[in-house]
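Let's walk through this model together, starting with how its chains relate and then moving on to domains, sheets and helices. Please have the viewer open as you read.

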Number of protein chains: 2
Amino acid sequence: MGDAVSVTFEPDGRTMAVAPGETFLRAAQRAGIDVVATCGGRGRCHSCRIKVIKGSVPPPTIMDTVQLGHDEVREGFRLSCQTSVAVDCTVMVMPPIAESGHQILSCTHDFREASMSLDSGVAKRFVKAELPSGEHHQTSDVEAILAALGDGAAAEVPLDLLRRIPTLLRDADGALTVTTFHRRIIDVESGDTTAHKYGIAFDIGTTSIVGFLLDLDTGEQLAGVGSMNPQAVYGGDLMSRIAFAQFNPSALKKLQARVLAAINGFVQEACEKAKVEATHVYKVVIVGNTCMHHIFLGIDPSYVGLAPYAPSVRAPVVVPAKELLIRVHPNAPVCFLPIVAGFVGADTMAVVLATRIYDSPQIRVAVDIGTNGEVVMGSREKLMACSAPAGPALEGAQIKHGMRGALGAIEKVEIGEDVVYGVIGNVPPIGVCGSGLIDAVAKMLDAMVLEPSGLLRLEERELLPPALRDRLIERDGERQFVLAWATEAGNGQDITISQQDIRQLQLAKGAICSGILMLKKVMNVSDEQITELMLAGGFGNYINIESAVRIRLLPELPVERIRYVGNAAALGAQMALLSETERARAVDLARRIDHVSLAARPENAALLVSGDI
Amino acid sequence: MGDAVSVTFEPDGRTMAVAPGETFLRAAQRAGIDVVATCGGRGRCHSCRIKVIKGSVPPPTIMDTVQLGHDEVREGFRLSCQTSVAVDCTVMVMPPIAESGHQILSCTHDFREASMSLDSGVAKRFVKAELPSGEHHQTSDVEAILAALGDGAAAEVPLDLLRRIPTLLRDADGALTVTTFHRRIIDVESGDTTAHKYGIAFDIGTTSIVGFLLDLDTGEQLAGVGSMNPQAVYGGDLMSRIAFAQFNPSALKKLQARVLAAINGFVQEACEKAKVEATHVYKVVIVGNTCMHHIFLGIDPSYVGLAPYAPSVRAPVVVPAKELLIRVHPNAPVCFLPIVAGFVGADTMAVVLATRIYDSPQIRVAVDIGTNGEVVMGSREKLMACSAPAGPALEGAQIKHGMRGALGAIEKVEIGEDVVYGVIGNVPPIGVCGSGLIDAVAKMLDAMVLEPSGLLRLEERELLPPALRDRLIERDGERQFVLAWATEAGNGQDITISQQDIRQLQLAKGAICSGILMLKKVMNVSDEQITELMLAGGFGNYINIESAVRIRLLPELPVERIRYVGNAAALGAQMALLSETERARAVDLARRIDHVSLAARPENAALLVSGDI
């Protein structure tokens, strides 16, 4: 306790010495301060949240972000059970919000009230099987186990289990845990392991991959993992990825091997984080666009890249993990959500599940922002979808100083007499993420650094305030605008936005904007009829909405009708992981959503937005 | 034609010159002699049979034996389509017997009238799928194929096919052959391959393995293959085989690898013989005793060898060929018939199917003679079964000069003043097969060469006729009786029956006899009530029934009530291959047969027959 720091808990005002590394929750509990921890301090709810009001705010964990949403995280809210004390500080203990036990899935306001049944399809039962004996000679090991289960488990047992059952049954003297997926036995273990029943959900995007390990019994989120998609070395956007693999089986194998290695790395990482055995992961749900879906399954995506862009399979694919070489339980079902069309894939179905747009009495729009974005519009009456291929710019890729929305990314920009920026984690900046780019370009427009056409006004720089004037430069033969000088940066170099970056952003926003316009036209919907526009995507939460509207990425709706819904694709994948009802719903919905194809409706080409900002 | 030989066809009496190697059928057809060849000369029926009445009779092919039965083969009957002309001879063209197209399965009188539906579950359909186009953009390759099929094929397609469909569909411009097993798609090929739909059935015995390649559309038997079970190097009988593998995973793997290699060799051999592609083999049926069944599946058979001798699984196992590494179509279902009890296995179920004993109004008995034989007794009212572990002696194994019932085996023995023997194929003898051993021992008893206890009467040899006296010798410290002198033998050595061989036979017949007695007692059945005793087993056809009764291998029933039914296990396997109705019947029957265990009924131990012959 030599290094103990001082923590003050408001509103009580009690101050105590805390050893660095102890969580705020434990410290508060030791001090006798009443902090509600509904989930037992495991990061699965947000009843224990605190707000840091004095002293530096620790960087958020993924659980903070998932449970509290980006807004609260930005405002200094943290889960006290997940946050360790590091330096002297003062925190406010917040009154708990009423919530269900499965709050984990509801990382934004919309989902907070959503209820969902926990019916993952995976069941574990501890049984005492009666070993075959002289009196029961006309039986078998499998029958002894089925009899102990006593319900309608299917008599067909996978071969790997048949091979292990004779020894397992006798070593444990019949005391076994049997795992089933629906009626089918997928695992038999010695002793009682019913407490360990996990699943993992992945959203495989063109640019990034995220995964969440969940407890299938409680819905608790045990670990989150993610990184860039390692296939990106073979092309940043989908078409270049398809071109690489096109009619080239060995290239396809390379892409498949890369994503498989990443997924297996994530499985291992998540299991280590959560201290669970990978063999206790009994269900996997994977969502992703059609191309990612096909490549992961080893299906040639060539024809997805050629008119009429037909997928090879749209129906929900379910394959045992062993067949795909995913290192969870070999018999775990790996469930891919269904596909609507070539460029409206399983990820869109996950967004539809998560936003519950299918249940809406009035018109809503879900915009999944990503390298291969999609727009879904409609209500419980009818749903239509189209693709909105924004390219990787909004995910910070193929941008001069671009980066993911991670520690050190400029995510917020204000421009007055000079530039003021906000950095994720309040550390010196090392790059700019998609939301920072949008914010910067919007503010640069306002500050007359940019022409409406998107050109950096190098020729008229003398009209700008002196600090801005200095930032508008020509370097390496390209116009650039310096957001952060090398002296402030964490990596010792100027962080700039280049003319090329702005062109990339224009393409991205043009794609999304065109998608929304096309669906509005086809469905005959006016802006007034759109009661809500939901921004989904890994970084949707981080966008400054005014800036997005300013650069016409989004239509000019009243700001209160535009909402962040977080990574809805990943959320939908988790819903399908926890609930077979939800997974079945996706299958049903995929059949009912109409795909609007620009290719099939050339009359809509006119809707393509020009390059202007 | 320089080497042409002369063949006379009766009753026409026409003689013609024939080039050696030409079949009798072709020669007859050239001569304008009317020989009916219902199956087109492919060995699938017996309409073209001839009888060789002068000149040497060519050795029978497996098709001769299957189509004509051993009796007719022995009498010189052959299929003219399968038999090549070799030397000058006279043959009688026989009037065809009325028969169905699927006569192949009915190799004995009993089955000749049996009708069976050809419902293998495997269907091939040639379709013209409409490629996804601009007008049909919201579809997929798989849906295009399902739409062309137009019926209720399941939407789930195996992963390997999903991976091949995009290219296949377009290369063939939609002209595809789709193979299903029940509703599930198991193959998709370019072009029309509907003519090629095969299956293979195996009977894996402790001592020998036989297999038959069938056309699933016609029931035609295209090739027969067989050999000793290569596991035999690890122990001749089941218990020594189990002891080798017991609690020793690497030994189990060795046994499994040996039988798998044999099966794959047979698949290749059968396909080459029949000139069909192994990838066109879409269904495999395997029968065998519980130990062979478990070992083939890689299931530890240890507990099958320990009281209460419980199988690990009794239910019918169905596994895709790729999972078992059987080199037929990777998605072909490999179907194992169900098991009744530890020593009443899938082979017994095949015997039950083939003999239709379940349908009998009166009591019948099926005796499957083999290293691990079984006895089934009953009628449509009730069926009971027990094991009759005869050991390998009856299959010619572990006998000094023992061999399978193949070319060169002494199969028939008469003893008067001297020994007269019959050899399979009428060639110089090289050994003695099981039926020869039974016949020899029975005749040795009659000739007073043997005491009733089974002892060779070396001490009283002077009482025998001189020729027999010379044959009764002591050599290598063992009493032996010479059946064939080295000068007559094909391998240049005396072919003898040793005292030890006789002891082995006594054990074998004791096991079978005890099984029959026990079931008679348990079911309260008298010899008079047994309307038929069916002798099954690879060599059942070859046994001299009087001799078998003489040595009390079989009960003293009137000879006309004892019948050969051939390799009923292999026949039942083929029935389950051709007909899902039959396979389902086996599943139903396996649940209804009562197993009588000697171990569980110690009061029956007294029934064990003493060593006396």
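To compare copies, chains are superposed by least squares on the C-alpha atoms of residues with pLDDT of at least 70 in both. The model is a predicted one, in which local features need pLDDT of at least 70 and side-chain atom pairs count only at pLDDT 80 or more, while totals for chains, interfaces and linings use all residues. Residues are numbered from 1 along each chain as its sequence is written, and chains are lettered from A and ligands numbered from 1 in the order in which they are written.

With that superposition in hand, Glu323(B) is the residue of chain B that comes closest to the rotation axis, its C-alpha lying at 5.1 Å. A turn of 180° with a shift of 0.0 Å along the axis lays chain B on chain A with an RMSD of 0.2 Å. This is the relation of a two-fold axis. Both copies use the same surface, since 98% of the contact residues of chain B recur in chain A; a contact here means that the C-beta atoms of two residues, placed from the backbone, lie within 7 Å.

How many residues does each chain bring to the contact? Chain B gives 40 residues and chain A gives 39. On the side of chain B that touches chain A, the elements giving two or more residues are helix H4 (141-149) and helix H5 (159-171) of chain B. Helices (H or I, at least four residues) and strands (E, at least two) are DSSP runs, numbered from the N terminus. H5(B) supplies the largest share of that side, six residues. By class, the side of chain B that touches chain A holds 22 nonpolar, 12 polar and six charged residues. Ala, Val, Leu, Ile, Met, Phe, Trp, Tyr, Cys and Pro count as nonpolar, Asp, Glu, Lys and Arg as charged, and the others, Gly among them, as polar.

Now turn to the inside of one chain. Chain A is divided into domain 1 (5-99), domain 2 (122-190) and domain 3 (219-336), with bounds from an automatic or database domain assignment. The C-alpha centres of domain 1 and domain 3 of chain A are 36 Å apart.

One open sheet of chain A has five strands in the order E2-E1-E5-E3-E4, with mixed pairing; two strands pair if DSSP finds at least two bridges between them. At the edges stand strand E2 (14-18) and strand E4 (77-79) of chain A, each with a single partner strand, so one side of each is left without a neighbour in the sheet. Strand E1 (residues 5-10) and strand E5 (residues 89-93) of chain A pair in the parallel sense over four bridges, and Glu10(A) has Met92(A) in E5(A) as its bridge partner. Helix H2 (residues 62-74) of chain A packs on this sheet, touching strand E3 (49-54) and E4 of chain A.

Another open sheet of chain A has six strands in the order E25-E24-E15-E16-E17-E26, again with mixed pairing. Strand E25 (562-566) and strand E26 (594-595) of chain A stand at its edges. Within it, strand E15 (residues 364-368) and strand E16 (residues 373-378) of chain A pair in the antiparallel sense over five bridges, and Val367(A) stands opposite Val375(A) in E16(A).

Technical notes: Axes fitted to C-alpha atoms, helices over the stretch in contact; angles between N-to-C directions.
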